[in-house]
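Got your viewer open? Let's take a walk through this one together, one selection at a time.

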Amino acid sequence: MINQKFMALAFFISIFFSCNNKQPFVPDYEIGEGIIIGMEKCKTDPSQNAWLIHIPGPNPFNKTYGDDITFNGTAYKNVVKTLSLPDSAKVPGKKYSFEFYIDENSSDAQCNVVNPTVLNIAKIRIKNLNRTSN
C-alpha cells in the first residue's frame with residue numbers, strides 16, 4: 001500500500017517537473033474576430049470575387065490587421081479580404097471568429113466587369129471560422 005502511494009507520488013512529481021520547462025504554444029496562424037462587410041466586384045463569376053472582412057479588434061496580443069477603406073459609403077478600419085470564405089459565411093453583417101494566415105496586399109488587376117470595386121488591401125487565407133453572436 002505504501003509502495004503504491006510512493007509510486008503515485010513519484011509519478012505526479014515527474015509529470016510536474018517534465019512539464020515545467022515547456023514553452024507555451026504559439027500558433028503559426030493569426031486569430032481575430034470580424035464582421036463580413038461585402039464582396040469586391042471584379043469578376044463576372046461571383047465565386048472568384050474576394051470578400052471583405054472588418055477585423056476591428058481588440059485582438060489577441062493587441063494586433064491589428066488590414067487597412068482603412070471606404071466601402072459602399074462607409075469608412076472602415078482594419079479590413080482584409082479573402083477568397084477562402086465558405087459560402088455559408090458570405091452574408092454581410094455576420095460576425096465570426098477567425099483563424100487565418102496573412103498573405104501580401106493584393107488587388108486583382110484582371111477585372112472583367114464594368115466599374116469594378118477592387119481594393120489593394122491585406123489578403124488572408126482562412127484556416128478556421130466560427131460564428132459568434134452579433
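## First stop: a tyrosine pair

Start by selecting Tyr 101, which is partly exposed, with a relative accessible area of 23%. Before going on, keep in mind that this is a predicted model.

Now add Tyr 29 to your selection. Is Tyr 29 buried or exposed? With a relative accessible area of 16%, Tyr 29 is buried, since buried means under 20%.

Next, show both side chains. This is one of three aromatic pairs that turn up in a search of the whole structure. The ring centres of Tyr 29 and Tyr 101 are 6.4 Å apart and the planes meet at 80°, so this pair counts as edge-to-face. Trace the backbone from each residue: Tyr 29 sits in the loop between α1 (2–19) and β1, while Tyr 101 belongs to strand β5, and the two are 72 residues apart.

Keep Tyr 29 on screen and add Lys 127. The charged end of Lys 127 sits over the ring of Tyr 29, 4.8 Å from the ring's centre.

## Second stop: another ring pair

Select Tyr 96 and Phe 98. How are these two rings arranged? Their centres lie 6.1 Å apart with the planes at 55°, so the pair is tilted. Both Tyr 96 and Phe 98 are buried.

Here, too, a charge joins in. Add Arg 131, and you'll find its charged end over the ring of Tyr 96, 5.9 Å from the centre.

## Third stop: the disulfide

Time for some sulfur. A disulfide is a covalent bond between the sulfur atoms of two cysteines. How many disulfides does the count come to? Just one disulfide: select Cys 42 and Cys 111, whose sulfur atoms are 2.0 Å apart.

Look along the S-S bond. The torsion there is about -105°, so the disulfide of Cys 42 and Cys 111 is left-handed. Now follow the chain away from each end. Cys 42 lies in the loop between β1 (30–39) and β2 (51–54), and Cys 111 lies in the loop between β5 (95–106) and β6 (121–131), so the bond ties together parts that are 69 residues apart in sequence.

Try showing the surface as well. Cys 42 counts as buried at 2% relative accessibility, whereas Cys 111 is partly exposed at 28%.

## Fourth stop: strand β2

Select β2 and look at where its side chains point. Trp 51 and Ile 53 go one way, Leu 52 and His 54 go the other way, and all of them are buried.

Then bring in the partners. β1 and β2 run antiparallel, joined by four bridges. To see a bridge up close, select Ile 36 and its partner in β2, Ile 53.

β2 also pairs with strand β4 (residues 74–82), again in the antiparallel sense and over four bridges. Here you can pick out Trp 51 with its bridge partner in β4, Thr 82.

## Last stop: zoom out

Switch to a cartoon of the whole protein chain. You should be able to pick out one helix and six strands, following the pattern α-β-β-β-β-β-β along the sequence.

How many of the 134 residues count as buried? The share is 31%. Among contacts with a separation of 6 or more, 67% come from residues 24 or more positions apart.

Finally, turn the surface on for the whole chain. Its accessible area comes to about 8900 Å², and carbon and sulfur atoms account for 56% of that.

Notes: Residues are numbered from 1 along each chain as its sequence is written. This is a predicted model: local features need pLDDT of at least 70, side-chain atom pairs count only at pLDDT 80 or more; totals for chains, interfaces and linings use all residues. Side-chain values use heavy atoms; hydrogens and water are left out. Buried means under 20% relative accessible area, exposed over 50%, partly exposed in between (1.4 Å probe, protein chains only). Contact means heavy atoms within 4.5 Å. Accessible areas come from the Shrake-Rupley method with a 1.4 Å probe; for residues, only the protein chains shown count as cover. A disulfide is a pair of cysteine sulfur atoms within 2.5 Å. Rings of Phe, Tyr and Trp (its six-membered ring) pair if their centres lie within 6.5 Å; planes under 30 degrees apart count as stacked, over 60 as edge-to-face and the rest as tilted. A charge sits over a ring if NZ of Lys or CZ of Arg is within 6 Å of the ring centre and within 35 degrees of the ring normal. Two strands pair if DSSP finds at least two bridges between them.
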